[in-house]
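Subject: Structure for you, with notes

Hello,

Here is the structure I said I would pass on. Please open it alongside the notes below.

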Amino acid sequence: MTHGKLWPVHPKPMRDELLSSWIVRVIQANGVKLQTVTRMLFGENISPWMRDIDRTPPDWLVDTFCLNTGVDRDTAYQATLKSYKQKLFHRNRISGHQQWILTLRQAGTKRRAYGQQFCSACLSDDPVPYFRKQWRIALFTYCPAHQIELYDACPNCGMPVIFYRVDFGRDVKEATPIFVCYECGYDLRLAVGKSVYFPNGELEIMYDSVLNSLCDSECEKSLYDLGFFVVLHQIIKVMSARVNQGRLFDYVLGQVNIPNLQKYRGRITIEERRRSERHSLILSSLWLMADLNQRLYGAWKEKAVRYNLLTKDLDTAPKWYEKFLCSISDWRASG
């Protein structure tokens, strides 16, 4: 494999494919070890696999793979999580938490967090298995296409999914496919598909619509814009805030049947939580969002949430949320 010349095999990114998934497929298709190629291209002291290249892709990595595969730069950047700017967040953060992007907690070439999810049915159905961008988004707790829960770890050994380690420490002939757990060798396509739970039809339709709006569905895009996701994130943050002491959770539990809903308190963000925790938090918050003026107002009237929490650290809010906040700005109105 030479630099600056099209490699013998140069597949293009699949629909909604992650940059890291595409790079691994390109290298595997050419029958070369991942580490060998990256050392040859970037030297011994620079490794793309010690960072979250899907969230903050270095230009030298993107430009090199574009040059050697014939893929244009815009197409490559559409495979990164930066493409969610102005859909899920206002600006890209270089460090710290990025709103709605699951955390990996990179430790060398390994990970300490469960930020890479997968749908076993998608991997099984794929003629060429690959990992999707949507599987790095905290909102996706299930696959909207197959209506089954996503996995955020290998179901066999419980380790985080790190598909780029498939040939680490192995001869290229012994490298495992992208859908095999690097740690225990389990075929992720065989993971049992578990039906996703919804407490009622209203939330099922709404959750599906929200996820489809992020899957390039033009119909749902008009319903759920950046302002919607900013407010949804704020409500989830309030729900899990230590200072709220679980009161907003308790209020929702009294209105809708969400099983195993625990009071996840502390400073753990939605982007750091495991799939089951996120599912409960998102269902609860979507129930409030479905009729904000009545339901969140009712929670405020019952003293399940304070006005200052609904505005805390919220830099840019949509007009409709500002209007709602004005309606509860007078604490005396709550009785």
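What follows is a set of notes on a few places in the structure. Please keep in mind that this is a predicted model.

Helix α1

Helix α1 covers residues 19–29, and nine of its eleven residues are buried, so the rest of the structure largely encloses this helix. The buried ones are L19, S20, S21, W22, I23, V24, R25, V26 and I27. They pack against α2, α3 and α4, the last of these being residues 73–78. After α1 comes G31, which has a positive phi, near 65°.

D54 and its partners

D54 sits in the loop that runs between α2 (34–42) and α3 (59–69). What is the nearest side chain of opposite charge to this buried residue? It is that of R136, 4.0 Å away, and D54 has no salt bridge. D54 does have polar partners in α1. Its side chain makes a polar contact of 2.6 Å with the side chain of S20, and a polar atom of the D54 side chain lies 3.2 Å from the backbone nitrogen of L19. Both L19 and S20 are among the buried residues of α1. Beyond the neighbours within four places in sequence, the contacts of D54 are L18, L19, S20, A79, T80, L81, K82 and R136.

The largest pocket

The largest pocket holds about 890 Å³ of space. It is lined by 31 residues, of which Q99, H233, Q234, K237 and D313 are the closest to its centre. Helix α8 (residues 226–239) supplies the largest share of the lining, six residues.

D313 is worth a separate entry. It belongs to the loop between α12 (307–311) and α13 (319–327), and its phi is positive, near 60°, although the residue is not a glycine. Its relative accessible area is 57%, so D313 counts as exposed.

Q245 also has a positive phi without being a glycine, at about 55°. This residue is in the loop between α8 and α9 (247–253). With a relative accessible area of 47%, Q245 is partly exposed.

The cavity

How many cavities of 30 Å³ or more does the structure hold? There is one. The largest cavity has a volume of about 60 Å³, and its lining consists of F131, P160, V161, I162, F163, I178, V180, C181, Y182 and L188.

Two of those lining residues, I162 and Y182, are also in contact with K110. K110 is in strand β2 (residues 110–111) and is partly exposed, at 37% relative accessibility. Its other contacts, leaving out neighbours within four places in sequence, are R105, Y164 and R165. K110 and Y182 are 72 residues apart in sequence, and their C-alpha atoms are 11 Å apart.

L214

Is L214 buried or exposed? L214 is buried, because its relative accessible area is 8%, below the 20% cut-off for that label. The residue lies in the loop between α6 (201–213) and α7 (218–221). Not counting residues up to four places away in sequence, L214 touches Y84, L88, L139, F140 and F229. L325 is 111 residues from L214 along the chain, and the two C-alpha atoms are separated by 27 Å.

Regards

Technical notes:
Residues are numbered from 1 along each chain as its sequence is written. This is a predicted model: local features need pLDDT of at least 70, side-chain atom pairs count only at pLDDT 80 or more; totals for chains, interfaces and linings use all residues. Side-chain values use heavy atoms; hydrogens and water are left out. Helices (H or I, at least four residues) and strands (E, at least two) are DSSP runs, numbered from the N terminus. Buried means under 20% relative accessible area, exposed over 50%, partly exposed in between (1.4 Å probe, protein chains only). Lys and Arg count as positive and Asp and Glu as negative; His and the chain ends are not counted. A polar contact is a pair of N or O atoms within 3.5 Å; within protein, one must be able to donate a hydrogen and the other to accept it, and residues adjacent in sequence count only if both atoms are side-chain atoms. Contact means heavy atoms within 4.5 Å. On a 1 Å grid over the protein atoms alone, a cavity is a set of points where a 1.4 Å probe fits but cannot get out, and a pocket is an open set with protein on both sides within 12 Å along at least five of seven lines; lining residues have an atom within 4 Å of a point. Grid points are joined across faces, edges and corners, and a volume is the space filled by probe spheres set on the points.
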